[in-house]
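Please open the structure in your viewer and keep the selection panel at hand. The tour proceeds by selections, each followed by a short account of what is to be found there.

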Amino acid sequence: MTAIRIEQIELRHISMPLVAPFETSFGVETEREGLIVTLRGGGLTGWGEVVASRDPGYSAETAKTEWHILNDFIIPNVLGKEFGDVESLEKAYDSVRGHPMAKAGIQAALYDLLAKAGGVSLQTMLDGKGKTVKVGVSVGIQPTTAALVERVGKYIEEGYKRIKIKIKPGRDAQDAKAVRAAFPDIPLQVDANSAYTLDDAEMIKQMDDLNLLLIEQPLSEDDIFDHAKLQPQLKTPICLDESILSARHARWARELGACKIINIKAGRVGGLREAIRIHDYCAGVGVPVWCGGMLETGIGRAANLALASLPNFTLPGDISATKRYWKEDIVAEEFMLNDDGTITVPAGPGIGVTVREGALEKATLRKEAYRAESKRPIAFPGQKKT
Ligand code: OSB
Ligand code: MG
């Protein structure tokens, strides 16, 4: 593969209105904030999404902390350098601890750039297979249990073949039981986003007879140890999301018996490369994985579809149709649900979607350009303050 010199990098802090508020145990999102990274070199452009949001509710990262890490530490080590593979990019920011979402965003942009340079789709570059991937929908906490059952019913009518509901203390067993009673056969799972402790084991066991596919991240985000005490008390598989930040963590979780399934998000684990390492480790030890979501724009969603087409992604991903998230996306292509509950993996070069510069501009709160010649940030005209 030919190496490409990174001549220019652009960073944008964006905010996009969701079609409906998304409530989890850690808060409500009505606008999706995040960062878009653009890498330019060799006459090509690569795009990546940093999935940190406005608040540090899912993890410690926010759009602004990841801006700081990219601006002050990662971009200075990348700008003007040549990269022929993603591993050398990982080495370039090797000295930066943590901040997987910042790393994942710039890495995704390099993947896009390198795939375009090679004239292949990201799916081909990652060794993914198949035209489509199985998907589901993640349903936020609703004002009432009745509203939740109605909302789930609408998604099932739209063709979703796997439902995930968000739960939190006080809105858990009742919600899960009501959805199960209304839809006895639908593949169903719940996601607590770290809302419980081991003391809540009895409460969690109330959901153990609902034939759930999995219970996602019931305990603290940093806690593989207590999940290993909870899993043996349940028939339902625990799936870890927040707790797995690397392939090493995946091995710890499996060796401790903390979970039986792993949710893989490239943003959470520092990039597509580490996501694939986790996938490969899990494939080797018989742990099924699925592709999580972070309410991505079309840029992140396109990359998720390519990732989810790897063979050990055997459970449906949290990759829903564009209209489940956005009235107006920043890519031209609309992702739609196929009749069989799948979404088609983009087949064009790189991530295979076209960024709508006008829509991106409209979503932009702040932007900065970094050029290899000067190595100094050059502000765009009309830059908005955050
Ligand atoms: O825990 O899986 C999660 C969204 C934001 C933050 C965390 C999570 C989620 C989702 C949404 O569940 C999945 C999607 O993008 O549709
Ligand atoms: Mg989750």
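The stops below cover a metal site, a nonpolar core and a helix, all in a predicted model.

**The metal site.** Select the magnesium ion (ligand 2) and display its protein donors: Asp191 (OD), Glu216 (OE) and Asp241 (OD), which lie 2.1 to 2.3 Å from the ion. Along the sequence, these donor residues follow the spacing D-x24-E-x24-D. Next, colour strand S9 (residues 188–191), which holds aspartate 191, and strand S10 (residues 215–216), which holds glutamate 216; the pair therefore ties together parts that are 25 residues apart in sequence. Both aspartate 191 and glutamate 216 are buried.

**The nonpolar core.** Turn now to the largest nonpolar core, a set of 121 residues. Select Leu70, Ile106, Ile163, Ile165 and Ile262, the members with the most contacts inside this core. Helix H3 (residues 100–118) supplies the largest share, eight residues. Colouring by domain is instructive here: domain 1 (4–119 + 353–378) and domain 2 (124–344) both contribute residues, so the core lies between them.

**Around isoleucine 262.** Centre the view on isoleucine 262. Leaving aside residues up to four places away in sequence, its contacts include Cys239, Leu240, Ile278, Cys282 and Trp290.

**Helix H10.** Select residues 272–285, which form helix H10. How far apart are its end C-alpha atoms? They are separated by 20 Å, which agrees with the 20 Å expected for 14 residues at 1.5 Å a residue. Its buried residues are Leu272, Glu274, Ala275, Ile276, Ile278, His279 and Cys282. Finally, step just past H10 to glycine 286, where phi is positive, at about 75°.

Definitions and conventions:
Residues are numbered from 1 along each chain as its sequence is written. Chains are lettered from A and ligands numbered from 1 in the order in which they are written. This is a predicted model: local features need pLDDT of at least 70, side-chain atom pairs count only at pLDDT 80 or more; totals for chains, interfaces and linings use all residues. Side-chain values use heavy atoms; hydrogens and water are left out. Donors are N, O and S atoms within 2.8 Å of the metal (3.2 Å for Na, K and Ca); water is not among the atoms, so sites may look incomplete. Helices (H or I, at least four residues) and strands (E, at least two) are DSSP runs, numbered from the N terminus. Buried means under 20% relative accessible area, exposed over 50%, partly exposed in between (1.4 Å probe, protein chains only). A nonpolar core is a set of buried Ala, Val, Leu, Ile, Met, Phe, Trp, Tyr and Cys residues joined through side-chain atoms within 4.5 Å. Domain bounds come from an automatic or database domain assignment. Contact means heavy atoms within 4.5 Å. The expected span of a helix is 1.5 Å times one less than its number of residues.
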